[in-house]
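Me: Take a close look with me at one part here: how the strands pair up, and what sits around them. I'd like the cut-offs spelled out as you go.

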Amino acid sequence: MSFTDWSRETTLAPVPLSSRAARHFVADWCIAEGVIGDVVDTLLLLTAEVVTNAVLHGRSDVSLRVGRVGSRVRIAVGDENTRLPMRRESDPEALNGRGIALVEALADAHGVEVDPLGKTVWFDVATALAPVRSARASA
């Protein structure tokens, strides 16, 4: 599934702090676009998980894009590693290994696009929209 109508994009360094930068990037976009409610928490959690995976396993710069697909927000995270993400059964006390399971559980749609230069993991989350003025006024 190809999507080309991205409203914002950025490139992140392959460092652990990029997860935090990604959450701020998506939060700022949500405020500007009037996306409100619990869906924002879901977007931020899934973004952090997918960016963390790209940093740990992609070992390259990470591209982050955000846009709309109808009433859904689409987040796409790309890296230069063509190895596909795999869902793992993890130890319940482990601090990692749950990213793909969270995407599967919380996203309304998700997938991976692979090309010779790497892969892009994307997910969609249904949104609640507020008038842009009220979203900006409360920020």
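Reply: Strands here are DSSP runs of E with at least two residues, helices are runs of H or I with at least four, and both are numbered from the N terminus. Two strands count as paired if DSSP finds at least two bridges between them. This is a predicted model, where local features need pLDDT of at least 70 and side-chain atom pairs count only at pLDDT 80 or more, while totals for chains, interfaces and linings use all residues. Residues are numbered from 1 along each chain as its sequence is written, and side-chain values use heavy atoms, with hydrogens and water left out.

First, the setting. The chain has 4 helices and 7 strands, and from the N terminus on the elements go β-α-β-α-β-β-α-β-β-β-α.

Now the sheet. It is open, has 5 strands, and follows the order β1-β3-β4-β6-β5 with antiparallel pairing. β1 (6-12) and β5 (109-115) sit at the edges with a single partner strand each, so one side of each has no neighbour in the sheet. On average, neighbouring strands are turned by 15° against each other, direction ignored. For the angles in this answer, axes are lines fitted to C-alpha atoms (for helices, over the stretch in contact), and values run from 0 to 180 degrees between N-to-C directions.

Let's go across from the β1 edge. β1 and β3 (residues 62-69) run antiparallel and are joined by 6 bridges. Among the pairs, L12 is opposite V62 of β3, and E9 has R65 of β3 as its bridge partner.

Next door, β3 and β4 also pair in the antiparallel sense, this time over 7 bridges. L64 is partnered with V77 of β4, and R68 with V73 of β4. These two strands form a hairpin with 2 residues between them, where G70 takes a positive phi near 60°.

On the other side of β4 comes β6 (118-126). 8 bridges join this antiparallel pair, β4 and β6, and G78 stands opposite T120 of β6.

How enclosed is β4 by the rest of the structure? Buried means under 20% relative accessible area, exposed means over 50%, and partly exposed is in between (1.4 Å probe, protein chains only). With 7 of its 8 residues buried, β4 is largely enclosed by the rest of the structure.

R74 is a nice side chain to zoom in on. R74 belongs to β4 and is buried, with a relative accessible area of 2%. The side chains of R74 and D124 make a polar contact of 2.5 Å. A polar contact is a pair of N or O atoms within 3.5 Å; within protein, one must be able to donate a hydrogen and the other to accept it, and residues adjacent in sequence count only if both atoms are side-chain atoms.

D124 also turns up among the neighbours of D108, which lies in the loop between α3 (99-106) and β5. Leaving aside neighbours within four places in sequence, D108 is in contact (heavy atoms within 4.5 Å) with R72, D124, V125 and A126. A polar atom of the D108 side chain lies 2.5 Å from the backbone nitrogen of A126. R72 is 36 residues away along the chain, and the C-alpha atoms of R72 and D108 are separated by 8.5 Å. Unlike R74, which is buried, D108 is partly exposed, at 42% relative accessible area.

Two helices lie across the sheet strands. α1 (residues 18-33) crosses β1, β3 and β4 (72-79), running at about 165° to β1. α2 (residues 38-58) lies across β1, β3, β4 and β6, at about 170° to β6. The expected span of a helix is 1.5 Å times one less than its number of residues. For the 21 residues of α2 that gives 30 Å, which agrees with the 29 Å between its end C-alpha atoms. Right after α2 comes R59, with a positive phi near 50°.

A word on confidence before you use any of this. pLDDT is the predictor's confidence in each residue, from 0 to 100. The chain has a mean pLDDT of 86, with 80% of its residues at 70 or more. Over residues 131-139, though, pLDDT stays under 50, and the model has 7 contacts beyond four places in sequence for that stretch. Where pLDDT is low, the predicted coordinates should not be read in detail.
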